[in-house]
Amino acid sequence: MSEKTLSFTTQNAVVAVAEGITEVGRQEALLITGALQNAILNSANFSSIATDAKGVIQLFNVGAERMLGYKASDVVNKITPADISDPRELIVRAKALSLELETAIQPGFEALVFKASRGIEDIYELTYIRKDGSRFPAVVSVTALRDAQNTIIGYLLIGTDNTARKQAEEALLKAGALQSAIFNSANFSSIATDAKGVIQIFNVGAERMLGYAAADVMNKITPADISDPKEVILRAQTLSSELGTQIEPGFEALVFKASRGIEDIYELTYIRKDGSRFPAVVSVTALRDAQSTIIGYLLIGTDNTARKQVEAQQKLLDQRLRDQQFYTRSLIESNIDAIMTTDPQGIISDVNKQMEALTGCTRDELIGAPFKDYFTDPDRAGAAINLVLREKKITNYELTACSREGRETVVSFNATTFYDRERRLQGVFAAARDITERKLLDQVLHENNLELESARAVAEKANLAKSDFLSSMSHELRSPLNAILGFAQLMESGQPLPTPSQKGSIDQILQAGWYLLELINEILDLALIESGKLSLSLEPISLPELLLDCQAMIEPQAQKSGIRISFPQFDGPYFVKADRTRMKQVLVNLLTNAIKYNRPSGTVEVTCHALDAQRLRISVKDSGEGLSAEKLAQLFQPFNRLGQEDGTEEGTGIGLVVSKRLVELMDGAIGAQSTVGAGSVFWFELNQAAALQVPALDEEPVALVQAGVPEGAALCTLLYVEDNLANMQLVEQLVARRPDMRLLRAGDGVSGIAMARIHQPDVILMDINLPGISGIQALKILREDPATRHIPVLALSANAMPRDIEKGLEAGFFRYLTKPIKVGEFMLALDTTFAFVRSGPDHAALGESV
């Protein structure tokens with residue numbers, strides 16, 4: 001009986017039988033109908049569910065009990081078939097029927113029987129829900145049950161479990177999809193041949209892998225023609241030996257096993273159309289007709305290049321591992337120390353030859369033995385292992401090893417823990433070094449240690465005394481010299497004007513005074529450098545601007561000596577990272593020497609060029625007598641008076657020493673080349689630096705935020721004290737963007753103090769390393785003056801170490817900002833300070849408390 005026949009309802013079966021019989025045979029028909037009805041209702045293969053007109057279940061057969069897991073007593077007169085159906089499917093069915101029949105149908109039992117109630121044959125698929133909550137697909141046939149007056153008195157729903165058919169459909173779909181995927185995949189080469197091996201199918205994967213179009217090979221060649229001939233010959237020989245039969249090289253060698261019904265997967269090298277080769281894994285299957293006769297072969301191949309590469313890499317890694325193990329073993333064996341490893345319990349797991357020599361035992365004897373057994377104090381040796389495990393490593397742990405022959409050796413034990421790749425503790429790696437000789441040497445050194453320390457202390461004290469003396473001497477000389485030079489300048493410009501004789505005397509006083517001041521400065525600089533107290537402010541310095549300043553300073557001296565001096569012309573900006581004041585000091589010193597030791601009417605040439613992207617060299621070339629190699633080697637040594645042996649030239653001989661130390665403190669280098677009779681070239685190198693940049697308006701909008709600036713607020717005045725022109729220009733451009741700010745400028749501390757007293761700015765911005773007095777000294781003067789003590793002073797300095805900042809805040813700066821500035825933070829700091837000023841606090845009290 002077919003599935004369709006099985007799905008008919010009892011009443012349909014009765015009608016079908018009744019229509020084909022005569023009144024005479026009605027009794028026989030009734031018997032047949034009753035038997036059919038009884039078979040359907042009592043069958044365990046069908047769920048027969050009868051309801052009343054409202055849908056309440058009245059009959060629930062054994063098939064329904066088996067399929068749904070309910071007993072008849074669980075459902076009869078209690079629920080409708082809708083209660084054991086998927087509610088989402090009921091909703092979908094109600095909507096679909098409503099659209100189809102153009103009438104509103106409610107989700108529920110009505111949706112299951114609506115068509116049957118209208119006399120329409122209705123068979124549909126539905127998901128039933130078992131008592132345990134599991135689900136299964138069913139095919140349901142619904143029939144309305146009518147009385148003699150054709151009034152509906154109930155419904156009969158006969159269902160069959162559709163799981164097997166659904167699974168079969170899915171399997172077929174999957175099989176078809178798999179077959180389609182294989183034949184259409186670009187990742188597989190699918191090649192089908194006829195029984196003789198001539199290619200009949202060549203899929204897209206084969207085209208992609210082998211470079212042939214299907215038309216190039218179909219009905220023309222066999223797979224053997226695109227395989228490595230040497231490998232085909234080798235395969236034929238191997239199979240002939242394995243199977244005990246002669247197999248010819250060619251297509252037969254590729255499919256012989258498959259033709260005998262043996263599963264065959266092998267590796268083979270395919271040859272592409274362009275002649276290149278690649279390794280493939282090939283699976284071969286014989287294609288047979290209904291009579292099991294071979295009608296062809298299917299060869300499915302995958303590109304094996306990646307796996308081969310992985311295998312090659314793994315082979316290389318294995319070799320490297322073996323090499324590493326050999327290298328590690330060589331290192332351990334060649335070490336002068338006794339090397340050993342132990343497990344966490346202190347049991348030896350490996351040793352080197354030195355450990356064998358130290359203990360007098362062989363490697364086999366040592367491995368597996370307790371580490372502590374080979375030392376005079378086993379408890380101390382055992383404690384060493386525990387200490388390593390606790391602290392992860394120990395160093396210079398002293399033990400005394402004892403050999404089998406009783407020989408004792410003092411060793412320095414150094415050890416660390418070691419782990420596997422998952423960071424699991426494996427044990428201890430240790431080295432024991434023989435320190436017997438060192439112990440004897442330590443004893444000798446200990447006896448001389450006090451004398452050595454005493455000598456070192458005396459030398460250090462003498463060095464400090466020298467630095468203190470030079471520093472103190474220089475400071476003591478500057479005070480009277482300041483008066484001498486001051487009064488001499490007053491006499492020079494006073495009224496009445498001095499006579500020619502007096503003028504000559506005054507000039508000599510000034511010349512001698514300025515020269516003496518230069519000597520004092522050199523001595524003080526050397527003292528500061530040697531004591532490590534010289535503070536530098538490294539920042540981007542414009543080289544063209546600095547050379548222009550030096551040119552203005554040195555040209556009068558050159559003209560007085562009849563020396564022609566030339567400076568380079570720059571076609572763009574050049575910046576170096578240096579301290580502006582100290583760099584100028586170095587360059588002026590080299591220029592002064594070039595003029596002083598030059599020929600009459602000689603020349604001095606200053607040049608500048610970049611060595612690379614990081615380094616820049618400034619050179620000073622003179623046309624003097626030059627220096628011999630012997631004298632050149634003595635340059636940059638303290639108190640070396642080369643060129644002053646006859647006493648015609650003055651000087652301390654420390655100018656070049658100071659220059660060398662200053663250049664080195666700026667992370668640079670200095671040197672010289674000279675040829676006797678041709679002059680000398682002195683040069684120094686510094687690191688290049690990027691130019692200071694003012695961000696565009698749209699690059700850092702935070703810089704334009706006017707924090708705490710009330711609308712209509714009065715103009716705020718900012719005094720900036722800075723000797724670096726580039727830094728000054730940067731702040732000028734930033735302040736120019738702010739209509740509520742006005743900028744005053746000062747180039748040194750003294751000028752800044754004077755402007756603060758005159759203009760009474762709202763806020764002062766102060767550099768630290770200023771010419772003359774420092775920013776900290778200037779701040780102290782401002783704080784002591786009642787007229788300026790209320791003005792908040794912000795430091796802006798390249799001295800950015802924590803101690804520098806702490807020192808600045810302790811000195812009384814309102815804020816300490818560092819270079820290079822961050823525009824947003826910088827402007828926010830200014831705005832915050834201005835807002836503080838506008839709030840009207842007791843600034844005088846602030847000045848005292850900070």
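This is a short tour of two sheets, one buried residue and one surface patch in a predicted model.

**Stop 1: the antiparallel sheet**

Select strands 6 to 10. These 5 strands form an open sheet, and their order is 7-6-10-9-8. The pairing is antiparallel. Now look at the edges. Strand 7 (199-202) and strand 8 (264-271) each have a single partner strand, so one side of each has no neighbour in the sheet. From one strand to the next, the twist averages 30°.

Next, select residues 189-194 and 294-303. These are strand 6 and strand 10, paired in the antiparallel sense over 6 bridges. Find Ser190. Which residue stands opposite Ser190 in strand 10? It is Ile300.

Add helix 12, residues 251-259. Helix 12 packs on the sheet and touches strands 6, 8, 9 and 10. Its direction makes about 50° with that of strand 9 (277-288). Then add helix 13, residues 305-334. Helix 13 also packs on the sheet, touching strand 8, strand 9 and strand 10. Its direction makes about 130° with that of strand 9.

**Stop 2: Asp86**

Go to the loop between helix 5 (72-75) and helix 6 (87-101), and select Asp86 there. Is Asp86 buried or exposed? Its relative accessible area is 6%. The cut-off for buried is under 20%, so Asp86 is buried. Show its contacts too: leaving aside residues up to four places away in sequence, Asp86 touches Thr127, Ile129 and Arg135.

**Stop 3: a nonpolar patch**

Turn on the surface and select Leu441, Val444 and Leu445. They form a nonpolar patch, with about 270 Å² of accessible area together. Leu445 is in helix 17, residues 436-493. With a relative accessible area of 48%, Leu445 is partly exposed.

**Stop 4: the mixed sheet**

Select strands 17, 19, 20, 21 and 22. This open sheet of 5 strands has the order 17-19-20-22-21, and its pairing is mixed. Strand 17 (564-566) and strand 21 (669-675) are the edge strands, each pairing on one side only. Ignoring direction, neighbouring strands here are turned by 15° against each other on average.

Zoom in on strand 20 (615-622) and strand 22 (679-687). They run antiparallel, joined by 7 bridges. Pick Ile618: its bridge partner in strand 22 is Phe684.

Finish with two helices. Helix 19 (543-561) lies across strand 17, strand 19 (603-610) and strand 20, and runs at about 180° to strand 17. Helix 20 (580-596) packs on the sheet, touching strands 17, 19, 20 and 22. Its direction makes about 25° with that of strand 20.

Notes: Residues are numbered from 1 along each chain as its sequence is written. This is a predicted model: local features need pLDDT of at least 70, side-chain atom pairs count only at pLDDT 80 or more; totals for chains, interfaces and linings use all residues. Side-chain values use heavy atoms; hydrogens and water are left out. Two strands pair if DSSP finds at least two bridges between them. Helices (H or I, at least four residues) and strands (E, at least two) are DSSP runs, numbered from the N terminus. Axes are lines fitted to C-alpha atoms, for helices over the stretch in contact, and angles run from 0 to 180 degrees between N-to-C directions. Contact means heavy atoms within 4.5 Å. Buried means under 20% relative accessible area, exposed over 50%, partly exposed in between (1.4 Å probe, protein chains only). Patches are made of residues with over 30% relative accessible area and no salt bridge: like charges are joined within 9 Å, nonpolar side chains (Val, Leu, Ile, Met, Phe, Trp, Tyr) within 5 Å. Accessible areas come from the Shrake-Rupley method with a 1.4 Å probe; for residues, only the protein chains shown count as cover. A salt bridge is a side-chain nitrogen of Lys or Arg within 4 Å of a carboxyl oxygen of Asp or Glu.
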